[in-house]
Amino acid sequence: MTNLADNHGLIQTNEMENWSQSLWSLAWCKLRDNRIALGALACLILMVSLTLAAPWIAPYSPTESDYYSLEQPPSSSHWMGTDDLGRDVLSRVLWGGRDTLGVGLLVVFIGLAGGLILGFISGYYGGLIDELIQRIVDVFLAFPPILFMISIVAILGSGLSSIVLAVGIANIPSVTRLVRGLVLATRNELFVEAAYILGVPKWKIMIRHILPNIVSELIVFTSLMIGGSIMITSALSYLGLGAQPPSPEWGAMLNYGRRYLRDASWMSIYPGLAIALVIICVNLLGDALRDALDPKLDPSIQ
């Protein structure tokens with residue numbers, strides 16, 4: 001009986017691994033044929049590369065003032081114009097992207113890490129632990145997210161570090177709820193039961209058998225969460241709760257430039273366009289990933 005269980009478990013595990021590999025290959029082919037997704041991906045790569053290369057390609061310093069070039073419109077010497085202190089807007093947008101995109105990714109990492117741990121524990125072990133975690137999640141979800149984030153920032157004080165912590169914590173409950181549902185749907189599969197019969201430790205079952213089978217849903221959710229996190233962090237900075245002057249963070253630039261919308265609208269237009277372009281590209285890529293990674297949307301494997 002033990003040998004039969006061992007063989008059955010190995011067969012089930014190998015079949016799931018082969019099916020997963022074929023699914024990823026099919027998903028890549030579908031994504032490669034989606035021109036909109038490839039365009040969004042190329043645009044994201046370009047914007048990230050430009051922000052990372054800001055120390056070498058920015059034509060001016062993002063913080064030094066030039067009092068001979070106050071509020072100049074876009075020109076050959078200043079492609080995106082200058083602000084009220086003579087600072088080059090293009091240079092500030094390039095440098096500010098490092099803060100905006102970096103904070104957005106760090107926020108997602110905190111929410112994903114916390115949600116994965118709590119969701120796996122809640123979904124796999126169940127019982128009293130599951131009830132306790134889910135009731136705590138319900139308490140957090142009962143508060144409006146923006147109010148919860150503003151409360152944390154008000155306690156910790158304004159700054160990018162406070163926004164990272166506030167938005168990251170606010171993302172944990174939704175990730176926890178998603179991961180719990182995925183784990184509940186996967187833990188009763190035959191290959192998971194076979195691994196349990198073979199005596200595989202629970203932590204190995206979660207990492208080697210359950211996680212690879214829910215990673216596609218997590219990738220899609222994470223891609224969409226990146227866009228939302230960038231928008232929220234920029235909004236908090238726009239409200240004056242995030243990066244403080246003279247930081248060139250995009251939300252802070254919007255907040256600073258709103259006083260000059262009539263006389264120097266380019267001070268707000270270009271950082272606003274940068275935020276919008278990143279969020280649109282991330283959402284387009286997330287939609288394409290959802291279509292590519294969801295086998296239910298492919299009639300050929302129904």
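## Helix packing and cores in a predicted all-helix model

Colleague: Which residues does N171 touch, if those up to four places away in sequence are not counted?

Modeller: This is a predicted model, in which local features need pLDDT of at least 70 and side-chain atom pairs count only at pLDDT 80 or more, while totals for chains, interfaces and linings use all residues. Residues are numbered from 1 along each chain as its sequence is written, and side-chain values use heavy atoms, with hydrogens and water left out. N171 is found in helix α7, helices being DSSP runs of H or I with at least four residues and strands runs of E with at least two, numbered from the N terminus. With contact taken as heavy atoms within 4.5 Å, and residues up to four places away in sequence not counted, N171 touches V107, G111, M225 and S229.

Colleague: Is N171 buried or exposed?

Modeller: The classes rest on relative accessible area, with buried under 20%, exposed over 50% and partly exposed in between, using a 1.4 Å probe and protein chains only. Because its relative accessibility is 11%, N171 counts as buried.

Colleague: How many helices does the protein have?

Modeller: Read along the sequence, the pattern is α-α-α-α-α-α-α-α-α-α-α, and 72% of the contacts between residues at least 6 apart in sequence join residues at least 24 apart. Buried residues make up 43% of the 302 residues. The protein has zero strands, and its helices number eleven.

Colleague: Which element gives the largest share of the largest nonpolar core?

Modeller: A nonpolar core is a set of buried Ala, Val, Leu, Ile, Met, Phe, Trp, Tyr and Cys residues joined through side-chain atoms within 4.5 Å, and in the largest one, of 52 residues, V93, F120, V183, I210, W250 and V278 touch the most other members. Two or more residues come from each of α2 (35-52), α4 (89-125), α7 (160-186), α8 (190-197), α9 (202-238), α10 (250-257) and α11 (266-293). The largest share, 13 residues, belongs to α11.

Colleague: Which residues are in contact with I210, leaving aside its neighbours within four places in sequence?

Modeller: I210 is among the residues that touch the most other members of the largest core, and it also takes part where α8 meets α9. Leaving aside neighbours within four places in sequence, its contacts are F120, Y124, V183, T186, R187, V192 and I205.

Colleague: Why is α8 called roughly antiparallel to α9, and at what angle do they pack?

Modeller: F191, V192, A195 and Y196 in α8 meet K202, I205, H209, I210 and N213 in α9, with the axes 10 Å apart. Axes are lines fitted to C-alpha atoms, for helices over the stretch in contact, and angles run from 0 to 180 degrees between N-to-C directions. Angles under 35 degrees count as roughly parallel, over 145 as roughly antiparallel, 65 to 115 as roughly perpendicular and the rest as oblique. That makes α8 roughly antiparallel to α9, since they pack at about 165°.

Colleague: Is the crossing of α4 and α5 left-handed or right-handed?

Modeller: The axes of α4 and helix α5 (residues 127-141) come within 7 Å and cross at roughly 140°, which makes α4 oblique to α5. The contact is made by L118, I121, S122 and Y125 of α4 and G127, I129, D130, I133 and Q134 of α5. A crossing is left-handed if the near helix is turned anticlockwise from the far one by less than a right angle, and right-handed if clockwise. For α4 and α5 the crossing is left-handed.

Colleague: What distance separates the C-alpha atoms of L94 and L52?

Modeller: L94 has its place in helix α4 and counts as buried at 10% relative accessibility. Leaving aside neighbours within four places in sequence, L94 is in contact with L50, T51, A54, I57 and A58. L94 and L52 are 42 residues apart along the chain, and their C-alpha atoms are separated by 8.2 Å.

Colleague: What is the approximate phi of E71?

Modeller: E71 lies in the loop between α3 (54-57) and α4, and at 28% relative accessibility it counts as partly exposed. Most residues other than glycine have a negative phi. E71, a residue other than glycine, has a positive value, near 50°.
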